[in-house]
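Please read the paragraphs below with the sequence and the structure side by side, moving from single residues to the chain as a whole.

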Amino acid sequence: MSAVEHLQELHGLPAFDFPGPDSKDELPAPDAVAWRLTADPYDDDSDEEFGDVWDRFLDTVDPSRVRAIIIGQWGEAYEDDSTGIVEDLVDAKDRLTALEAVFIGDLEQEQAEISWIEQSDVTPVLAAYPELREFGVRGGTGLEFPAVRHEHLRTLTFEAGGLPAEVVRGVAASELPALEYLELWLGVEEYSGTATVADLAPILAGGRFPALHHLGLRNSEIQDEIAAAVAAAPVVARLTSLDLSLGVLTDEGATALLEGQPLTHLQWLDLHHHFVSDPIAQRLQDTLVPAGVEVDLSEPGRSWDNDGVVHRFTAVAE
């Protein structure tokens, strides 16, 4: 199973593909689904551009009742960035008055590799929707996230093959008093994954987001360094779940978790897609499972040696 797949739900609502203009199917209630909007430039059966789909959506579905929107393919996403998408959302703020959740970039590999998706400054969406509860973005190329303040955002997710350090610093400097769930796919340097442990320090210190109970620092080529920092991070004491999956975690990082602060208060610890040896993996299980922690150590990877250089891979890069 790929780590990059179409969303099946958003904000607890099932994803529903807004149909084409010739569809005669009855539509669900506006507030019953997360509406996925797409414009496929290679669809021979449709000549609609995203702007056409967007306008038709707002004219067909009562926008004042829409709670969740998933933005899928908006054309050739590896050439056209998400600036127009952000502008469409901002311009509709007086019509989408019940909007609680937005995800931008719901593309699978067949449509565009995750690091080919051209993003932009997405923070105007947060400014336009002060009641937004959930916000997510897929793709780190061109992504900007200067520090913001938002009173009601509870979930913030960035999926990327490489997340720029400036984005991580923007998140870390933001004021999000209601934030409960934070997930960052940090990625690899080759695809703009330039964030360091130092960039994560304000998040790990625990004072930035007082309501946080889930932290995901995923898909990183510096997963061992992150694990070592997490092992001593004050924020961990009030988490209920911790996700360090999809990266290149080895015995070094896993041992740091074992020797650091207790993790027995967690409900679950996700380490799947890892490079941890069987004995260390067993130590993690023996330490945490009896305390009631659900530990995911599935998908062990295999390192390989090339002229004396050990290679490992994150689950998602290009």
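Leaving aside residues up to four places away in sequence, Leu 37 touches Phe 18, Phe 50, Val 53, Trp 54, Phe 57, Ile 69, Ile 70, Ile 71, Gly 72 and Gln 73. In this predicted model, Leu 37 belongs to strand β3, which covers residues 34-37. Because buried means under 20% relative accessible area, Leu 37, with a value of 0%, counts as buried. Gly 20 stands 17 residues away from Leu 37 along the chain, and the C-alpha atoms of the two are separated by 10.0 Å.

Several of the residues that Leu 37 touches, among them Phe 50, Val 53, Trp 54 and Phe 57, are listed with Arg 56 and Leu 58 as buried residues of helix α1, which runs over residues 50-60. An α-helix has 3.6 residues a turn, so residues three or four places apart point the same way. The buried residues of α1 pack against strand β3, against strand β4 (68-71) and against helix α2 (83-91), and the contacts of Leu 37 with Ile 69, Ile 70 and Ile 71 can be read alongside that packing.

A second site to inspect is Thr 194, which lies in the loop between β8 (181-187) and α5 (197-204). Is Thr 194 buried or partly exposed? Its relative accessibility is 38%, and since partly exposed refers to values between the 20% and 50% limits, Thr 194 falls into the partly exposed class. Not counting residues up to four places away in sequence, Thr 194 touches Leu 163, Pro 164, Ala 165 and Asp 199. With Ala 165 there is also a polar approach, in that a polar atom of the Thr 194 side chain lies 2.8 Å from the backbone nitrogen of Ala 165. Glu 151, by comparison, is 43 residues from Thr 194 in sequence, and their C-alpha atoms are 28 Å apart in space.

Turning to the chain as a whole, eight helices and 14 strands are assigned, and the C-alpha trace spans about 60 × 45 × 35 Å along its principal axes. The radius of gyration is 20 Å, which agrees with the value near 20 Å that a compact globule of 318 residues would have. Buried residues make up 50% of the chain, and of the contacts with a separation of 6 or more, 73% involve residues 24 or more positions apart. The exposed area is about 14,100 Å², of which carbon and sulfur atoms supply 45%. The chain carries 18 positive and 61 negative charges, and the mean positions of these two sets are 9 Å apart.

Technical notes:
Residues numbered from 1 in each chain as written. Predicted model: local features only at pLDDT ≥ 70, side-chain atom pairs only at ≥ 80, totals over all residues. Heavy atoms only, no water. Helix = DSSP H or I, 4+ residues; strand = E, 2+ residues; numbered from the N terminus. Rg over C-alpha atoms; globule rule 2.2 N^0.38 Å. Buried < 20%, exposed > 50% of the residue type's maximum accessible area, 1.4 Å probe, protein only. Contact = heavy atoms within 4.5 Å. Areas by Shrake-Rupley, 256 points an atom, 1.4 Å probe, with all protein chains shown as cover. Lys, Arg positive; Asp, Glu negative; His and termini not counted. Charge placed at Lys NZ, Arg CZ, Asp CG, Glu CD. Polar contact = N/O pair within 3.5 Å; in protein donor to acceptor, adjacent residues only side chain to side chain.
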